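Me: I would like a close look at a single part of this protein, taken slowly and with its surroundings. Please choose one helix, describe how it sits among its neighbours, and then widen the view from there.

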Amino acid sequence: MHSDNFDLSTYLRRINYTAQVSANSATLYALMRHQLFSVPFENLDVQAGKVVSLVPEEIVDKLLQRGRGGYCYEVNGLFAMALEALGIPYCFVAARPMFYPARRPKTHMALIAEVDGRQWLCDLGFGSYGIRAPLALDMLDTDINQDFDIFRLTRDAKGEYLLQAKVEGEWANQYGFDLIPQEWIDFVPANYLNSTHPDAIFVQKLLIVQHLAEGRLILLGDTLTTVTAQGVEKQQVAEKDLPHILKYHFALSVPQ
């Protein structure tokens, strides 16, 4: 994943990372966490009637120069640029979201990075129950605690990987994927669907997620949800208060 205007030092400033970086698993872990806690998952452009751009230079301008967030292709694409700059091998994989009532196509993008002799699932763009740090693919059927969340990777009957999250005490399927590498251009149809199709949640509702060290903030439609280890709080957001909520909680503004 290459962009002519990507600069690693600018990226590190954007994600508030000041330590040394190397092509190892410690850096992979740290960068994913810092980006996750600094760059929000958001669909403001889709809500404004725009098709999200997959031009790498436009992603860099949006997320690094203009301080915006994005959805899976954008935030994972940006992370891929950082991995490339560090010399960490990776590939994109297509994932099938599995929390819908009906079977969906593989419209989600995730990354598989290879470092320190292991393969790691990295994903900064799955919203509410996205992983909060890289998951080693060889840690199958193992409960993995990440802050206040619990995840696990397993394999289904066809041999595909399945990411699950513990939700209200029960395992809930999040998405399935295989290790067939995808090219960036392979996600253009899925991006168009997510930007325009009336059944896509990004078209139907405003969705912003900001992961924090102590929890996460989720703005879905007109409901702001705060999730911490202590519990869940919800509040309704009036339309007139949206600009304040965006600025105060997510460091965002309504796009013009």
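Reply: What follows starts with one helix and then moves outward to the core, a loop and a sheet.

The model is predicted, with a mean pLDDT of 93 for the protein and 100% of its residues at 70 or more. Among the elements, strand β4 (residues 118-122) has the highest mean pLDDT, 98, while strand β13 (residues 231-236) has the lowest, 90.

The helix chosen is α2, which runs over residues 25-38 and has 14 residues; from its first C-alpha to its last it reaches 20 Å, close to the 20 Å expected at 1.5 Å a residue. At the start of α2, the backbone nitrogen of A26 has a side-chain oxygen of N24 within 3.3 Å. The buried residues of this helix are T27, L28, A30, L31, M32, R33, Q35, L36 and S38, so the list holds polar names such as T27, R33, Q35 and S38 under the 20% limit for relative accessible area. These buried residues pack against the helices α1 (8-14) and α5 (72-86), and against the strands β3 (108-115), β4 and β10 (207-212).

One residue that meets α2 is F79, whose contacts, apart from neighbours within four places in sequence, include L28, L31, M32 and Q35, and also Y11, L111, C122 and L124. F79 belongs to the largest nonpolar core, which has 68 residues, and it is named with Y11, Y73, F92, L121 and F177 as touching the most other members. The element that gives the most to this core is α5, with ten residues. Another core lies apart from it and has eleven residues, L206, L219, V237 and L252 among them.

Further along the chain, N43 sits in the loop between β1 (41-42) and α3 (44-47). Its relative accessibility is 2%, and N43 therefore counts as buried. The side chain of N43 reaches the backbone oxygen of F202 at 2.8 Å, and, not counting residues up to four places away in sequence, N43 touches K205, L206 and L207 as well as F202.

Strand β1 also belongs to an open sheet of five strands, in the order β1-β10-β11-β12-β13 and with antiparallel pairing. Its edge strands are β1 and β13, each of which pairs on one side only. Within the sheet, β11 (residues 215-220) and β12 (residues 223-228) pair in the antiparallel sense over six bridges, and R216 has V227 in β12 as its bridge partner. Strand β10 links the two views, since it is among the elements that the buried residues of α2 pack against and has its place in this sheet.

Note on methods. Residues numbered from 1 in each chain as written. Predicted model: local features only at pLDDT ≥ 70, side-chain atom pairs only at ≥ 80, totals over all residues. Heavy atoms only, no water. pLDDT = per-residue confidence, 0-100. Helix = DSSP H or I, 4+ residues; strand = E, 2+ residues; numbered from the N terminus. Expected span 1.5 Å × (residues − 1). Buried < 20%, exposed > 50% of the residue type's maximum accessible area, 1.4 Å probe, protein only. Contact = heavy atoms within 4.5 Å. Polar contact = N/O pair within 3.5 Å; in protein donor to acceptor, adjacent residues only side chain to side chain. Core = buried A, V, L, I, M, F, W, Y, C linked by side-chain atoms within 4.5 Å. Pairing = 2+ DSSP bridges.
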